[in-house]
Each structure stands twice: as C-alpha cells, then as structure tokens.
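Student: I have a model to go through, and I want the reasoning behind each label. Can we take the labels one at a time?

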Amino acid sequence: MLTSKIPLRNAQGEITGLVGVTRDITPFKQVESALRASEAAALAFQERLKVLYEVSLDLARIPTFDELCRAGVDLGRERLGFDRLGIWLLDSQPEFTTGSFGTDEYGQTRDERGMRLPLTDQYKSVLRDLVEHSNYYFSDNAPIFNDRAETIAIGQKAMVMLSDGHTVIGTISADNLLHGKPITQQDLEILVLYGSTLGYLCARKRAEEALLKERNLLRTIIDILPDRIFVKDTQSRLMLVNKASWTHTPNVGGEEEMIGMTDSDLLPAEMAEEIYADEQALFASGQPILNQEEPGRDYEGNPIYFLSTKVPLLDTQGNVIGLVGVSRDITNQKQTEQQRLELALQKERLELLTEFIGNMSHDLKTPLSVIKTTLYLMERLDDPVRQEAKLQVIKEQTLRLEKLIQDVITMSRLEHGAKPIFEPVDFNALILDVESKLRATAERKHLDILFNLDEHLPLLPADENELWRLMANLYENALHYTPEHGTITLTTYMVDKQVVAEVQDTGIGIGADDMPHIFDRFYRADPARSLERGGTGLGLAIVKRIVELHGGEIIVQSDEGKGSLFRVLLSIRD
Ligand code: ADP
C-alpha cells in the first residue's frame, strides 16, 4: 500500500485533524519485478550468445568431421550448460540413423559411431516437423534411452536439426537426466542456434573431406599411371606433377622438388626453349597441342622422345591460367620403328644385291662363253689369218670383262663408304683432258666436238678422280650414242654459286619410257647397241652416285632421234 496524510487546519491555522489517502500498488510492484527478471534473463541470454560465438570459433578450427562431432557434444555440455547432448546422423540409407557421439548416464562423452538404428515413426514425424514447421522439438515427459536403446527414465527432452541451411545431416538432442534442471525456453533457443552453427560446420567439414577423398583418389590414379602428367602455370612453371614425372627425371627426388621448376631447369636450353615457345603459343591461342613429339633426356643424358598432349587450364571465367599435359615416353616405340625401317632397308639392299649379282653373272657369262667358244674354234683352225681374227674376238671380250669388273668395283666402292677427297678442281681443264683421252673415237666417227667453256669458272671443290670418271662416262655415252658426223657440245657456266657442266649430243636420244630408268644399274634402253661397244649398263648409275656424293644434281633432257643433254650442277660452297 502507498499512503499519504496531510494536517487539517482551522481559519487561525491551528491543526484540527488530518486527511489521509491510501493506494494499493501491488500490480506496479509485480510489473517492476517482472521487468527486472526479464532484464536479467536478457543479460544471461546475451552472455550465452557470447559463449556460443566463442565455441563456434573453437569448433571451426577442428580438423575432422568426427572430431567436430565429439567436440560439439563436449563443448555443448561444458561451455553452453546443457545436461546431456547426443548427435545422430542421417544415414546414406534413408531408413536408418547412425550414431556419432553422445553422453552416457555418468556425464561422459560416449563414442556411438558403431550404432545404427532404424528410423522409428516417432523420430520420422519429429524430423518432418522440424524441417517443415518448428525450430525445435520439446517434450516434458519423453522416454530417455541408454546406449542399448532401453528406456531408463522419463524426463525432458529437446531436439534440433543439424543443417547447413539446405541439407539436414542429422539431429542434436538434449535431456536433463543428469542434473534434473529443467530445460528452459532460453535453453531451447540456444540449442537451435547451436544446431545451425554445428550443422553448418559439419556440412562444410563433410564437403571438405569428400573433396579430399576425391583429391586423394585422383592423386592415386595419376600416380599409378606410367605416363607423365603435369600442370603448368602460364609461365610454364610446374604446379603439379605425378609420380612418373619425377621418378623418371634425373636429379629430382620428389614432387616438391619439381614444383616451380621450368623445362629450362630440366633440359638442355635449346630443347627447353622450343617447348616453352609452343606452350606460350597455346596460352595465347587457347588451342590445345595434340600428340606432339617432344625431346627429353634420360638419366645417362641420352635423348628420349615423348608424345605430348597439352590442353589449356581455365578458371571459372574461362580465362587460360595454365595447362594440363600428359607425355608418353615413345623412345622404345621409336627405336622399334627405326629398327623396322633399318630391317626393311637391309631387306631392300639384299634384294638389290641379289638382283645385282644376277645381272652381273649374266653379263660375266656372256663374254666368257664367247671366249670359250672362240678358243674351241681357234684350236681347230690352222689358218693364221682366221686365228688372228678369233684372237681379236677374245681380246674384245676380255676388255669387256675388265670394264665390267672395273665398273662393279667402282660402284661398290661408291656405294659402301667411299669418302670423296675434296680439293679445288679446274673443271674446264678436266673436261679438256677427258676429251683428249677419248679423241680417237670422236675422230673415227667424224664427230664435231664443240667447246663452250666459261673461262671465268672458279675452282670447284670436288674429288678430281671421281669427277673425271663422271665426265668421262657422260662423254663416252655421247660418243657412242651419236651417229657419225654428229656434234657433241661441251659447255660450262656458273649459275647462283653453282658450276654447271653440260654434255649435249645430236645422237639417238632417249625414249620417254626409258627416261625414268636410265640411272638404274644394268639398265640399257637398247641392250644390243650398248653391248656392241662393251657398255656395262653401270655408267649412269656411277654418274648419279658421284653427283650425290658431291651434293649436286643431274638433269637430263632428251628428244628421241634428235639428241640428249646431260646437265650436272655442283655447288662451289664446301
Ligand atoms: P651403258 O653402258 O649401256 O651405256 P649407261 O648406264 O651409261 O649404260 O646408260 C644407260 C642407258 O642410257 C644406255 O644403255 C642408253 O640406252 C641410255 N643412254 C645413256 N646416255 C645416252 C645418250 N647420250 N644418248 C642416248 N642414250 C643414252
């Protein structure tokens, strides 16, 4: 009660009595104490929110999902003041729930990861309710279970979702079995917040672990592959390499050593520059490099070969931020290919040799049988004149044999390793010498020999003996295949640092069908005509080989019935 009293006075001011008022203030008192209580509750709630924030920071630092669940139960009890807490996770199979960590009847954290229970209808309906309507479930007289799912008491129980905002991953539940302290509205609100904090952290940790698992899986896969797999940044620095990359790289003991390296740290400068240029082109164009052969070095420094494919690595905006590459060691493959090629070459050589021997034996047999028959006839002849004629035949055939053997020896020497001895040669003088040595034939056939020699011709680096043989073979052919009173022109001149020599005749010429074969060994367009003058069919094959050994070129122009032109081009550079 609130009472007020004032004195009552008469006209002279003397006190004659009092006037009093009394008021019942019970309702005001009640409001005041309620205000105080709610102020205290707000302060306490604020305090618990602060602790919740600190707890969430501690939980965020926990490395694994399981440890996070265990700490969630521990810290919820120790720091947030809950009695018993337990976490159950939704199983990958929809009808089950899996244990995580809980609290036993003595207040100790219990590992319940081995527990798996079918979802009861009640649990399912609570879960549905939590997802669809309310933030929490609360019951005043719920059954309290032990770890064998046996009811050990009836008491207060609350449950909230563990969720990252999208996916429900489980529930966290609290009861008051240990201390019997009632679960307050504030407890429920803190539990809801704790559930969402822990749920977010759990979901994040699970995603991290799934990523890590996937990363490890990929790492294992790329490490067992025999090909080299690597990632490079746009400076061509290695950012990732698989095991095959570093185990096969000389002077490198592990992946860490290779990270940050470029090819210039691993390969000779020239090789590295070439690879770098190709990769820079990839970064600029965004175009992949497919199955490109690249050089490398093995532990002994021997060259090895790779077949590389490189594709651009893009960021989420589609910018090129590097490349992913795979390189296959194809050294063995290349060696096998090389061996196969060499084998094919050997086979071809063998076939050629067999053909060569076949041709040669035929060419040897003919003069030999002529000699044999002539000798037989000679023995039976008494007439010295006729004997002399036979002797002449034997002489011719012997010369033919000698020429054939000589040409075969020359061919074989030129084919197998003869190294020409280069020295400055006066080409004009050489041509004049050839002509003078064969002048008798020209005169016998009344041929006109014209000279068109460039007197400023420089000295030519060449093997003089071989060059003599070359010009002699061409000139001999011209002499032979040109009918009497024909003309042979010998020309020399310079074109673009090349000395050119031409032997032109007004002879029978070469038919278009024969043209592709005239440089083949033992090829004769007209065997009878060739044999008539003791031709071996090796003359032009020898010419071609000598030109090749000098790095030169030979060109033939011919008009059947009109004549032929053989042009030899030799470089004066050495
Ligand atoms: P051969 O010893 O038969 O002359 P070559 O190898 O020197 O052998 O020449 C091959 C063939 O090319 C000759 O048989 C001939 O048919 C043809 N040939 C070469 N030179 C001439 C030429 N100046 N005129 C016409 N045919 C030629």
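Tutor: What follows sets values against cut-offs, for a model that is predicted.

Student: Why is Thr 482 called buried?

Tutor: Buried means under 20% relative accessible area. Thr 482 has 1% relative accessibility, so it counts as buried. Its place is in the loop between α13 (464-481) and β19 (487-495).

Student: What makes the approach of the Thr 482 side chain to the backbone oxygen of Ala 478 a polar contact?

Tutor: The cut-off for such a pair of N or O atoms is 3.5 Å. A polar atom of the Thr 482 side chain lies 2.5 Å from the backbone oxygen of Ala 478. That distance is within the cut-off, so the distance condition is met.

Student: How do you know that Asp 74 and Arg 77 form a salt bridge?

Tutor: The rule asks for a side-chain nitrogen of Lys or Arg within 4 Å of a carboxyl oxygen of Asp or Glu. For Asp 74 and Arg 77 the N to O distance is 3.8 Å, so the pair qualifies. Both residues lie in helix α2 (residues 65-78), three residues apart, about one turn of the helix. Asp 74 is buried, and Arg 77 is buried too.

Student: Which other residue of helix α2 is worth a look?

Tutor: Val 73 lies in helix α2. With a relative accessible area of 0%, Val 73 is under the 20% cut-off and therefore buried. Its C-alpha atom is separated by 76 Å from that of Ile 15, 58 residues apart along the chain.

Student: What makes Lys 310 and Glu 279 a salt bridge?

Tutor: Their N to O distance is 2.6 Å. The limit is 4 Å, so the pair passes.

Student: Where in the chain do Lys 310 and Glu 279 lie?

Tutor: The pair links distant parts of the chain, 31 residues apart. Lys 310 is in strand β14 (residues 303-314), and Glu 279 is in helix α8 (residues 269-285).

Student: Are Lys 310 and Glu 279 buried or exposed?

Tutor: Lys 310 has 1% relative accessibility, so it counts as buried. Glu 279, at 0%, is buried.

Student: Why do Asp 433 and Lys 437 get their exposure labels?

Tutor: Exposed means over 50%, and partly exposed lies between 20% and 50%. Asp 433 has a relative accessible area of 29%, so it is partly exposed. Lys 437 has 54%, so it is exposed. The two form a salt bridge, with the closest N and O atoms 3.0 Å apart. Both sit in helix α11 (residues 427-437), four residues apart, about one turn of the helix.

Student: Which residues are joined into one network by salt bridges that share partners?

Tutor: Lys 232, Asp 263, Glu 279, Glu 294 and Lys 310. By the 4 Å rule, the model has 36 salt bridges.

Student: How do you know that Ile 221 is exposed enough for a surface patch?

Tutor: Patch residues need over 30% relative accessible area. Ile 221 is at 40%, so it passes and counts as partly exposed. Ile 221 is in helix α4 (residues 185-224). With Leu 217, Leu 218 and Leu 225, it makes a nonpolar surface patch of about 360 Å².

Student: What makes Asp 520 partly exposed?

Tutor: Its relative accessibility is 37%, between 20% and 50%, so the label is partly exposed. Asp 520 lies in the loop between β20 (498-505) and α14 (527-532). Together with Glu 348, Glu 351 and Glu 355, Asp 520 gathers in a patch of negative charge on the surface.

Notes: Residues are numbered from 1 along each chain as its sequence is written. This is a predicted model: local features need pLDDT of at least 70, side-chain atom pairs count only at pLDDT 80 or more; totals for chains, interfaces and linings use all residues. Side-chain values use heavy atoms; hydrogens and water are left out. Patches are made of residues with over 30% relative accessible area and no salt bridge: like charges are joined within 9 Å, nonpolar side chains (Val, Leu, Ile, Met, Phe, Trp, Tyr) within 5 Å. Accessible areas come from the Shrake-Rupley method with a 1.4 Å probe; for residues, only the protein chains shown count as cover. Lys and Arg count as positive and Asp and Glu as negative; His and the chain ends are not counted. The place of a charge is taken as NZ of Lys, CZ of Arg, CG of Asp or CD of Glu. Helices (H or I, at least four residues) and strands (E, at least two) are DSSP runs, numbered from the N terminus. Buried means under 20% relative accessible area, exposed over 50%, partly exposed in between (1.4 Å probe, protein chains only). A polar contact is a pair of N or O atoms within 3.5 Å; within protein, one must be able to donate a hydrogen and the other to accept it, and residues adjacent in sequence count only if both atoms are side-chain atoms.
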